Amino acid sequence: MTDETTTMSSLPDEQRTPLLKRLTGANTLWIGLVLLGLVAAFGAIRPDAVFQVTTLQFLLAETAVLLVLSVGMTFVIITSGIDLSVGSVLVFASVSSAMAMNAVSGGDATNAGWGVIAFGLLVAVVSGAVWGLLNGLLISRAKIPALIVTLGSFGAAQGAALLLNNGSNLSGIPDRLNRTFGSGTYLGIPNIVIVAAVVTALGALLLSTTRFGRYTYAVGSNEEAARRVGISVRGHLTKVYLLAGTLAGLAGFMGNAFFRVAVVTGHETDNLNAIAAVVLGGTSIFGGMGSVLGTVFGVFIPAVLEKGLVIIGVKEFWQPIAVAIVLVAAVWLDQTRRRARNRR
Amino acid sequence: MSQPLLEARDLTKNYGTVKALRGASFTAHAGEVVSLIGDNGAGKSTLVKCLSGVERPTGGTMIFDGEPVVLNSPNDARDLGIETVFQDLAVAPDLDPAANMFLGREILKPGILGLLGVLDKKAMRKQASEHFTRFGATLQSVDVPIAALSGGQRQSVAVARSVAWASKLVFMDEPTAALGVVQRQRVLDVIKRVRDEGVAVVLISHNMPEVLSVSDRVEVLRLGRRVARFKAADTSVEELVGAMTGALTQEDAD
């Protein structure tokens, strides 16, 4: 192979697609522009109401929990899977965490200290992780379709959460937790948003720069190819659902901090909202493609629409209709692009 | 000839009641191209799957480099320096050629980042680009998804990926099936070049002139067992077809 070394000097970076072309070719950019356009449009109509610190703070804080769920959902959907259980797992983690904090504080954790709060966080994250692990094992080992497995755990986790406290909300969330992570701010940014932002940034790095992320794409793109090159597909799928469950557990704890109560209702459509956010963000429902940044945009588009329509005085009932149109259009666009690409 | 690199003896493989292999034997030496031919259903693909660790044979023995081996997974084969180009390519269409080439063998960044599993994408792109140039896969860019490439380019990537990692032996299941004339010739050149590096190449093909032009030896399977062996220089298309159809039987017919 000695005579071949002359070609070794070829410069791969010359073969790279230019940055601008890569950006404009990506769904993420367009979705980001749509979000920017929405904010600009609402801002132009009612600048006084839209660009108010409290409006923006509320918008961000309310979206933080959904964002954490959606980061986990991004990984799941890139493996061409689905997780319908995230909202129920969130409720279960939220209730079990609140119960655990109350239990170690003699029945009421309202005045509990940091030790109890840390314990509550641990309980929330671990209970989320257990549901995620259960999902992952049933999907990867028992080969039951993810749609069915997580439909099952969607019902089971909700039921288990209701059983834990006889179907009612649970109070006794430590004041200290609410003051700091629930309603506290740092430089004007709600702390709960900072937590969500850190989780999102770590998720984005995990997906785009690590081997774990690469395998996530590979499994979603062609499971058989991944298996043939020696990737443990079953192990990887288990880890991805474990991650989604763990993040749902964390989201449950964040909800406790924000609402000062472990709420057992109101999360029935979290799963659909997270899926919509991920798909809006340009992640392909068929797997193999997607990004966490896109998901961030995808989470905020419905949130901005909802807030914006209320502010400019349109009936808020238009919001789900507007989101639905954007969602279906996004998937249609994704399919057209794929078909055009695969036709060669 | 010297000790064979790979020798399979009396392999059997049953899928339920179907006997795909009925005592098939196979031999490959280092630095030779040996073609494995046979009619549809003769057991070629099953034999390759058994020899590359994808399937476990029901019975029989495999000897590699003088040692008896049992392959429980494709990883076992890979650890021995055995690679496979599968008929269905087995690439991840959404990943770019460099990512595909290093799939399962990613280069990590040095130091603490590497311990965290951070990929060294630049190094992988550079090395992949060098490999592709060496093995004649001409790609306009190394960072577009494989799905955006033409069928021939996809195949070139799959071939280049396997030969890049094969240190001892590479199986190629119909590597030229989807290719045009120029690309086909390029793949055949790659096969010869890999052979000249001392690697054994096992080629599965239905194209008899191609088999004769590139192979050193030819082994013929029929109904799940080896029925004939030829030196490519001393045989003809007629003889090969005769062996495939059962008109001519050399061995193992006892």
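In the hairpin of strands E9(B) and E10(B), two residues lie between the strands, and B:Leu223 takes a positive phi near 50°. The model described here is predicted. Strand E9 spans residues 217-222 of chain B, and its pairing with E10(B) is antiparallel, over six bridges. One residue of this pairing is B:Val218, whose bridge partner in E10(B) is B:Phe230. Strand E10 covers residues 225-231 of chain B and is mostly covered. Five of its seven residues are buried.

Positive phi values also occur elsewhere in chain B. Most residues other than glycine have a negative phi. B:Asp65 has a positive phi, near 55°. The residue sits in the loop that links strand E4 (59-64) to strand E5 (67-69) of chain B. B:Asp65 has 15 other C-beta atoms within 10 Å, so it counts as partly exposed. B:Glu174 likewise has a positive phi, near 50°. Its loop runs between strand E7 (169-173) and helix H7 (181-196) of chain B. With 19 other C-beta atoms within 10 Å, B:Glu174 is partly exposed; a buried residue needs 20 or more.

Strand E7 of chain B also holds B:Met172. B:Met172 has 29 other C-beta atoms within 10 Å and is therefore buried. Beyond its neighbours within four places in sequence, B:Met172 contacts B:Val85, B:Val201, B:Val202, B:Leu203 and B:Ile204. B:Gln87 lies 85 residues away from B:Met172 along the chain. Even so, the C-alpha atoms of B:Met172 and B:Gln87 are separated by 7.7 Å.

Chain B as a whole contains nine helices and 10 strands. Its C-alpha atoms fill a box of roughly 60 × 40 × 35 Å along the principal axes. The radius of gyration of chain B is 19 Å, which agrees with the value near 18 Å for a compact globule of 254 residues. Of the 254 residues in chain B, 49% are buried. Contacts between residues at least 6 apart in sequence were also examined. In chain B, 66% of these join residues at least 24 apart.

Chain B meets chain A through 33 of its residues, which are in contact with 30 residues of chain A. Helix H2 (74-79) and helix H5 (121-134) of chain B each supply at least two residues to the side of chain B that touches chain A. H5(B) gives the most to this side, with six residues. By class, the side of chain B that touches chain A has 17 nonpolar, seven polar and nine charged residues.

Chain A has 15 helices and two strands. For its 344 residues, the globule rule gives a radius of gyration of 20 Å. The value for chain A is 22 Å, close to that figure, so chain A is as compact as a globular protein of that length. The C-alpha atoms of chain A fill a box of roughly 80 × 55 × 35 Å along the principal axes. Buried residues account for 49% of the 344 residues of chain A. Among contacts in chain A between residues at least 6 apart in sequence, 78% join residues at least 24 apart.

The interior was examined next. The largest nonpolar core has 171 residues, of which A:Val68 and A:Leu69 touch the most other members. H12(A) provides the largest share of this core, 14 residues. Leaving out residues up to four places away in sequence, A:Leu69 touches A:Val86, A:Leu90, A:Leu247, A:Ala248, A:Ala251, A:Asp270 and A:Ala274.

Helix H8 of chain A, residues 175-182, has A:Leu177, A:Phe181 and A:Gly182 as its buried residues. These cover an arc of only 80° around the axis, which puts them on the same side of H8(A). The cover over the buried residues of H8(A) includes three helices of chain A: helix H6 (114-140), helix H9 (191-209) and helix H12 (233-259). Helix H12(A) thus appears in two settings. It helps to cover the buried residues of H8(A), and it gives the largest share of the largest nonpolar core.

Terms used: Residues are numbered from 1 along each chain as its sequence is written. Chains are lettered from A and ligands numbered from 1 in the order in which they are written. This is a predicted model: local features need pLDDT of at least 70, side-chain atom pairs count only at pLDDT 80 or more; totals for chains, interfaces and linings use all residues. Two residues are in contact if their C-beta atoms, placed from the backbone, lie within 7 Å. Helices (H or I, at least four residues) and strands (E, at least two) are DSSP runs, numbered from the N terminus. Ala, Val, Leu, Ile, Met, Phe, Trp, Tyr, Cys and Pro count as nonpolar, Asp, Glu, Lys and Arg as charged, and the others, Gly among them, as polar. The radius of gyration is taken over C-alpha atoms; the globule rule is 2.2 Å times the number of residues to the power 0.38. A residue is buried if 20 or more other C-beta atoms lie within 10 Å of its own, exposed if 12 or fewer, and partly exposed in between; C-beta atoms are placed from the backbone. The arc is that of the directions from the helix axis to the C-beta atoms. A nonpolar core is a set of buried Ala, Val, Leu, Ile, Met, Phe, Trp, Tyr and Cys residues joined through C-beta atoms within 7 Å. Two strands pair if DSSP finds at least two bridges between them.
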